[in-house]
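I opened this notebook to record what I looked up, one topic at a time. The entries begin with open and enclosed space and then turn to how helices pack.

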Amino acid sequence: MTLHLDFDIARDNFTLTVNLDVANGEVLALTGPNGSGKTSTLHAIAGLLPCSRGVISFNNAIFDANADMTSVFLQPERRKVGVVFQDGALFPHLDALHNVAYGLRAQAVTKSVAIDRAHKMLATMKIDHMANSRPHQLSGGQKQRVALARTLITQPDILLLDEPTTALDQESRQDTVRLLDEVFTAFSGPVLLVSHQYDDISLLTRSIAQITVERTAKHTMSTLQR
Amino acid sequence: MMRPSRTLNGPRGFFAIAILCATLIALPLVALAIRVPWSTFFSSLSSETATTALSLSLRTSLISTSLAIITGLPLAWLLAHRNFRGIALVRALCVLPMVLPPVVGGVALLYAFGAKGVIGSALNDWFDIRLAFTQTAAVLAQYFVAVPFFIVVMESAFQQFDQRLAQAARTLGAGPWRTFVTVTLPVVRPALIAGVVLTWARALGEFGATITFAGNTAGRTQTLPLAIYMAFENGDDQALVLSFIMMTVSFVVLVLLRQHWISALKRGGQ
């Protein structure tokens, strides 16, 4: 039961090659220089970026396959891949509660049930007192909690986090790291975490995959493996 | 007495020229307002020509604006997000009616949808449909000149829209339509309102393309601007009254837009 990644993403003068297997329950940190393709890797797994060659599969489900004979692309809404975006990417026109309820509503859960469960999820994240606040009224740490709640309530099979602690001050960083540690412990699927904060990584994960970059005059080749 | 300037002095003479410019714009509008025959204002307004033209204008402009919204949203979205071959040409063509003399637009519409037009002749021969000089033609003429305003406003709004919000919605289980309706549109709402109002104002004021392509039949294609022109030709004071009405509408539109811009700015562009 693993997330199997063996693919390329190629753009004009940039190629990213990813070769990784991530087991259920494993928390893997992705590190590497800026612009080397960490976020692109997460986007490819989530279905926000099609890969140009290779396979992304989870358990027996093929997310993305690009070979001579076959071409499969599962739309992001069908992958059950939860993404916590950098600084949350909360919906600015909805309050915290309706941000968290959004995924349930998209899965056709009735409004009253969705709201009820969103309240409970916000309480689990110790942020229910801000349920009626819009994102611009929340601090960086509060935004991360709401974003995490919004993702977890949909019960994803895979969890991806893009720089969850980068934009935070020291205190909310420690809070967020503690919270993430609890979440990761309870989460049964694979977790991939992009971070620059090496001390956070060492607290949260035991395994690290590194992107190495080779540059020529015209081309940048990134390779992501353990 | 001059207040101490908070910026550097401007070039000598700018102040006087600026006054001249503002006067040249304001004077005709003020002159129009001064000459409105207030004693006959309501009788002119309630005359049959006026009410017919008013209701026709409202009806056609609302239909053409609705068409512009329905068809303009997808096009603006594609122009903002897709980078296909020839996109620059598509963009230029879609915006062309903004700078094209409207009468040329009317002639072009005739050659497309008129009885001898490229599509119009087929419609005529096969379905016995004649578009030119009908109310549909008035709607088409308004659509042709007004939809570019909507496309331009919405393309820029979609470009500034944070794509990660749509990506987040998709990973949360929303399909493309749900994402567009529940995330993209609400987030770009200030631009959407501004675009709709601008488009409607342009459609309401349409003259050149309408008179060329739809004609000037009272009760059928004689919209407000055409009625104003006819009344004016006949030396009728009604022209002043109707002009004043349209000027007021434009003014209200502008004030609404300004308030909207300001509130959009205060919320940090959201």
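**Entry 1: the second largest pocket**

I began with the second largest pocket, which holds about 850 Å³ of space. I note at the outset that this is a predicted model. The pocket is lined by 25 residues, and those closest to its centre are Trp77(B), His81(B), Arg82(B), Gln163(B) and Arg170(B). When I asked which elements give two or more residues to this lining, I found helix H3 (48-81), helix H8 (163-171) and helix H9 (176-187) of chain B. H3(B) gives the most, with seven residues. Sorted by class, the lining of the second largest pocket has 15 nonpolar, eight polar and two charged residues.

**Entry 2: chain B as a whole**

I then stepped back to the chain that carries these helices. Chain B has 13 helices and zero strands, and from the N terminus on its elements run α-α-α-α-α-α-α-α-α-α-α-α-α. For the extent of the chain I took the C-alpha trace, which spans about 75 × 65 × 35 Å along its principal axes.

**Entry 3: H7(B) against H10(B)**

Within chain B I looked up one helix pair, bearing in mind that two packed helices are described by the angle between their axes and the distance between the axes. Helix H7 (residues 135-160) of chain B and helix H10 (residues 189-205) of chain B have axes that come within 8 Å and cross at roughly 165 degrees. Because angles over 145 degrees count as roughly antiparallel, H7(B) is roughly antiparallel to H10(B). The crossing in which H7(B) passes H10(B) is right-handed.

I listed the residues that make the contact. From H7(B) they are Gln142(B), Val145(B), Ala146(B), Val147(B), Phe149(B), Phe150(B), Val153(B), Met154(B) and Ala157(B), and from H10(B) they are Ala191(B), Leu192(B), Gly195(B), Val196(B), Leu198(B), Thr199(B), Arg202(B) and Ala203(B). By class, the residues of this contact divide into 13 nonpolar, three polar and one charged.

**Entry 4: the enclosed cavity**

Next I turned to enclosed space, for which rolling a probe the size of a water molecule over the atoms shows where empty space is left. How many cavities of 30 Å³ or more are there? The count comes to one, and about 40 Å³ of space lies in the largest cavity. Its lining is made up of Val84(A), Gly141(A), Gln144(A), Arg145(A), Leu148(A), Leu161(A), Pro164(A), Thr176(A), Leu179(A) and Leu180(A). Helix H4 (140-152) and helix H5 (170-186) of chain A are the elements that give two or more residues to this lining, and the largest share, four residues, comes from H4(A). I sorted the lining of the largest cavity by class as well and found six nonpolar, three polar and one charged residues.

**Entry 5: H2(A) against H4(A)**

Since H4(A) had come up in the cavity lining, I also looked up its packing with another helix. The axes of helix H2 (residues 96-106) of chain A and H4(A) come within 7 Å and cross at roughly 25 degrees. Angles under 35 degrees count as roughly parallel, and H2(A) and H4(A) are therefore roughly parallel to each other. H2(A) passes H4(A) in a right-handed crossing. Ala96(A), Asn99(A) and Val100(A) of H2(A) make the contact with Val146(A), Ala149(A) and Arg150(A) of H4(A). I closed the entry with the classes in this contact, which are four nonpolar, one polar and one charged.

Technical notes: Residues numbered from 1 in each chain as written. Chains lettered and ligands numbered in written order. Predicted model: local features only at pLDDT ≥ 70, side-chain atom pairs only at ≥ 80, totals over all residues. Heavy atoms only, no water. Axes fitted to C-alpha atoms, helices over the stretch in contact; angles between N-to-C directions. Parallel < 35°, antiparallel > 145°, perpendicular 65-115°, else oblique. Left-handed = near helix turned anticlockwise from the far one by under 90°. Contact = heavy atoms within 4.5 Å. Nonpolar A, V, L, I, M, F, W, Y, C, P; charged D, E, K, R; others polar. 1 Å grid on protein atoms, 1.4 Å probe; cavity = no way out; pocket = protein on both sides within 12 Å on 5 of 7 lines; lining within 4 Å. Points joined across faces, edges and corners; volume = space filled by probe spheres on them.
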